[in-house]
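Here are a few exercises to work through with the structure open in your viewer. Try each task before you read its solution.

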Amino acid sequence: MPAADPPADFDAVYAAQYADLTVQLYAYFGDRQEAQDVVQEAFCRALRRWSKVSRYDDPVAWVRRVAWNLAVSRWRRSRTALSFLRRQRPQEPQVAGPDTVRIELVEALATLPAAQRRAVVLHYLGDLSVNEIAERENVAVGTVKSWLHRGRTALASQLQPEARRV
Amino acid sequence: MSDPLTPLFNDLRAKTLPQVQAPGTEAARRTVHRRATVRASVVAAVVIVGGGAFIVDQRNDYQNTIVPASSVSPSASGVAWTGRADKVEVAAALVPGASHADVMDAFDQDVGIEATEGRYRLRVGCSGPTALPFTILLNGAVDQQSSVDCTDPGEAREYELTMPRAGSVRILFSSVGQFDAYALKLTKI
């Protein structure tokens, strides 16, 4: 719904939100460059309609929604491509990345089902409440609570030593 | 009992944020303008090809059958409402050293320029089929609204602006001026 406030400044919204949104999508994708590309694309789409988007009550929510929609589409495409590549190259050696808690958290997130992962990332990194996630995902509040519970349990079991260290 | 995952995510955020390199708003503007130009070119090409096919079709009809005389409206020619082919060059020629030049598409275009405190002259040139309205915003606040009467030979207007403090000058071109080509330059005076 359009607000009566003066329109938001694109540069200011970009400066305030770009990095935060990128971190969220990095946690979802596991690929920082991909996350940066998606967030930039979301801002390009917002800029194209900025005269309208800037008058929304929450222009950031619009950008976040577009970025997440793009992320979900890309993730589905890349998952299909990855699955194909794995079938083609079954003996590809696994190269271990830097052994840090941060990388392990991103890797652990990657093992969660997409909906659980989105809920966990939006809750812990997007600072969205259960109600806000339910509204965004168009599901019941109880469903989000269930996603978060299962997500937490799965992450905790994978990250137990790291969780104790921090 | 505190959530043991919270510090892990805080750590992830704290360590990833410094590594994020934003391409910047200027890159976003260039992308949007490039796409708009490509779209406008595609539309123009479709109109020209469609117009050519229509003329060829009409000629064939005249050769084969007797048809009643028809009047072709100016808009069907594809030229009357898209303006001349070199309109971007015409607009740019009216604004020597223009920092931005583009063709308007079916949506508003937002040009942002960083500016320090002081007085500025904004020169806007336009070539195209219709008047191009726009709003000038200084640091997000509307300063003035105006319009350039675009014509095929092109027109230019100048505006004096006073920036109370460093920030951004935004020129918001209305999609009413679709197919107009504009060029602009902001000069400190």
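**Exercise 1: chain B at a glance**

Task: what is the accessible surface of chain B, and what share belongs to carbon and sulfur atoms?

Solution. Keep in mind that this is a predicted model. Start with the area: the accessible surface of chain B comes to about 9,800 Å². Then split it by atom type, and carbon and sulfur atoms take 57% of it. Next, look at burial: of the 189 residues in chain B, 40% are buried.

Now the fold. Count the elements and you get 3 helices and 8 strands. Walk along the sequence and the order reads α-α-α-β-β-β-β-β-β-β-β. Finally, take the contacts in chain B between residues at least 6 apart in sequence: 79% of them join residues at least 24 apart.

**Exercise 2: the largest nonpolar core**

Task: find where the largest nonpolar core lies in relation to the two domains of chain A.

Solution. Begin with the members. The core holds 59 residues, and those touching the most other members are A:L25, A:F43, A:L109, A:V120, A:L155, B:F9 and B:L12. Helix α1 (residues 10–29) of chain A gives the largest share, 11 residues. Now bring in the domains: domain 1 (1–92) and domain 2 (97–166) of chain A both contribute residues, so the core lies between them. A separate core of 23 residues includes B:V111, B:I113, B:V124 and B:L184. As background, nonpolar side chains in soluble globular proteins tend to be buried together.

To zoom in, pick A:L109. Skip its neighbours within four places in sequence, and its contacts are A:A27, A:R117, A:V120, A:V121, A:L155 and B:F9.

**Exercise 3: a nonpolar patch on the surface**

Task: which residues form a nonpolar patch on the surface with about 260 Å² of accessible area together?

Solution. The patch is made of B:V38, B:V42 and B:V46. Take B:V42 and place it: it sits in helix α2 (residues 25–64) of chain B. Then check its exposure. B:V42 has 47% relative accessibility, and exposed would need over 50%, so this valine counts as partly exposed.

**Exercise 4: two positive phi values**

Task: B:N139 and B:F179 both have a positive phi. Is each one buried or partly exposed?

Solution. First, the background: most residues other than glycine have a negative phi. Phi of B:N139 is near 50°, while that of B:F179 is near 80°. Next, locate them. B:N139 is in the loop between β4 (132–138) and β5 (141–148) of chain B, and B:F179 is in the loop between β7 (167–173) and β8 (181–188) of that chain. Last, apply the 20% cut-off for burial. B:N139, at 23%, is partly exposed; B:F179, at 10%, is buried.

**Exercise 5: far along the chain**

Task: what separates the C-alpha atoms of B:A131 and B:G177?

Solution. Along the chain they are 46 residues apart, yet the C-alpha atoms are separated by 5.9 Å. B:A131 lies in the loop between β3 (118–127) and β4 of chain B and is partly exposed at 27% relative accessibility. Beyond its neighbours within four places, B:A131 touches B:S147, B:V148, B:D149, B:C150, B:V176, B:G177 and B:D180.

Now try a pair in chain A. A:D57 and A:A8 are 49 residues apart in sequence, with 9.5 Å between their C-alpha atoms. A:D57 is in the loop between α3 (50–53) and α4 (59–88) of chain A, and at 57% relative accessibility it counts as exposed.

Definitions and conventions:
Residues numbered from 1 in each chain as written. Chains lettered and ligands numbered in written order. Predicted model: local features only at pLDDT ≥ 70, side-chain atom pairs only at ≥ 80, totals over all residues. Heavy atoms only, no water. Helix = DSSP H or I, 4+ residues; strand = E, 2+ residues; numbered from the N terminus. Buried < 20%, exposed > 50% of the residue type's maximum accessible area, 1.4 Å probe, protein only. Contact = heavy atoms within 4.5 Å. Areas by Shrake-Rupley, 256 points an atom, 1.4 Å probe, with all protein chains shown as cover. Core = buried A, V, L, I, M, F, W, Y, C linked by side-chain atoms within 4.5 Å. Domains from an automatic or database assignment. Patch = residues over 30% accessible without salt bridge, like charges linked within 9 Å, V, L, I, M, F, W, Y side chains within 5 Å. Salt bridge = Lys/Arg side-chain N within 4 Å of Asp/Glu carboxyl O.
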